Amino acid sequence: MIGFISWSARPEKRLWKKPVLREIIVLNMRMLQVQMPRGERTPEVVLRRRCRTAARALQRLGVSRAVFEEGFAYLDEFAQRGIGPVDTLPLLRSLAAPWTQAVMAEKGLSPHRAVIAVAGDRLSSGLTRAVTELCLHNRYVQLSVPYGGESLCRDLRREYGVSLVLTERKEQLETADVLVLFQPREDLARCNKAVVDLSGSATGEKPPALRLSDELEARLPGGCNKTQLFAALLSAGALRPGQIEIAGNQTDT
């Protein structure tokens, strides 16, 4: 089960000194919530102790991944018990194309003029989907993969009438306006106008704010890291990629 870590400013008086565990349902997904008491003047040493107590309780129940509050400052206390944030990389990769388009819009890059380069170590389903969507909405898209690129080029031209340029040249990747990375590329200077890093190295453009429809948003708990929450819901099948949007972006996902 996925944990859900949150603070409580006004718990019941009898529970003031210890975390409270309870099962909650978020969009039909069961989660184990732990609420920890926190007052305006609670010393930091006390907050850390309460986090360690909560982490021990979750560990005993077999929890190893959790959704934390936005900006949660005590991840180390949970990491010491083998509990970390939900992996958000699969979610962000599923949103690679709309994220790239949102970054381009923010930076004023035209889909008719800007060059987008996508680099990966293999032609995965996620990379294929991202390249296909980018080709449908942008004129100049380049792809760098060790194998399989020729087949994808033929498929895109046959099915959609769009072109995809294959490249193995480092110079072309470095001079593209936007670089989308599905693998770490320490050999690249990253001097592009934008770098959407989906390699897991947590560099490049800041991950986008995400949203659901107003109806679904109204059913979500407040204050949590939405990227972590949506990643958990997506992996459990409680959400579909098409239901998650880039906040402020009108492009369908």
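Student: How are H4 and H5 oriented relative to each other in this predicted model?

Tutor: Start with the angle between the two helix axes. Angles between 35 and 65 degrees fall outside the parallel and perpendicular classes and count as oblique. Here the axes of H4 (residues 96-106) and H5 (residues 125-137) cross at roughly 40°, so the two helices are oblique to each other. Their axes come within 8 Å.

Student: Which residues in H4 and H5 meet?

Tutor: From H4, look at Ala96, Ala97, Pro98, Thr100 and Gln101. On the H5 side they meet Ala130, Glu133, Leu134 and His137. Sorted by class, the residues of this contact are five nonpolar, three polar and one charged.

Student: What about pockets? How much space lies in the largest pocket?

Tutor: The general trick is that rolling a probe the size of a water molecule over the atoms shows where empty space is left. In this model, the largest pocket holds about 540 Å³. It is lined by 22 residues, and closest to its centre are Thr88, Leu92, Ala202, Pro207 and Thr227. Helices H3 (89-94) and H9 (226-235) each give at least two residues to that lining. By class, the lining has 10 nonpolar, seven polar and five charged residues.

Student: And the aromatic rings: how many pairs are there?

Tutor: Six. To read a pair, check the ring centres and then the planes; under 30 degrees counts as stacked. For Trp7 and Phe72, the centres are 5.9 Å apart and the planes are at 25°, so this pair is stacked.

Student: Where in the chain do Trp7 and Phe72 sit?

Tutor: Trp7 is in strand S1 (residues 2-8), while Phe72 is in the loop between strand S4 (65-67) and helix H2 (75-79). They're 65 residues apart, so to speak, a link between distant parts of the chain.

Note on methods
Residues are numbered from 1 along each chain as its sequence is written. This is a predicted model: local features need pLDDT of at least 70, side-chain atom pairs count only at pLDDT 80 or more; totals for chains, interfaces and linings use all residues. Side-chain values use heavy atoms; hydrogens and water are left out. Axes are lines fitted to C-alpha atoms, for helices over the stretch in contact, and angles run from 0 to 180 degrees between N-to-C directions. Helices (H or I, at least four residues) and strands (E, at least two) are DSSP runs, numbered from the N terminus. Angles under 35 degrees count as roughly parallel, over 145 as roughly antiparallel, 65 to 115 as roughly perpendicular and the rest as oblique. Contact means heavy atoms within 4.5 Å. Ala, Val, Leu, Ile, Met, Phe, Trp, Tyr, Cys and Pro count as nonpolar, Asp, Glu, Lys and Arg as charged, and the others, Gly among them, as polar. On a 1 Å grid over the protein atoms alone, a cavity is a set of points where a 1.4 Å probe fits but cannot get out, and a pocket is an open set with protein on both sides within 12 Å along at least five of seven lines; lining residues have an atom within 4 Å of a point. Grid points are joined across faces, edges and corners, and a volume is the space filled by probe spheres set on the points. Rings of Phe, Tyr and Trp (its six-membered ring) pair if their centres lie within 6.5 Å; planes under 30 degrees apart count as stacked, over 60 as edge-to-face and the rest as tilted.
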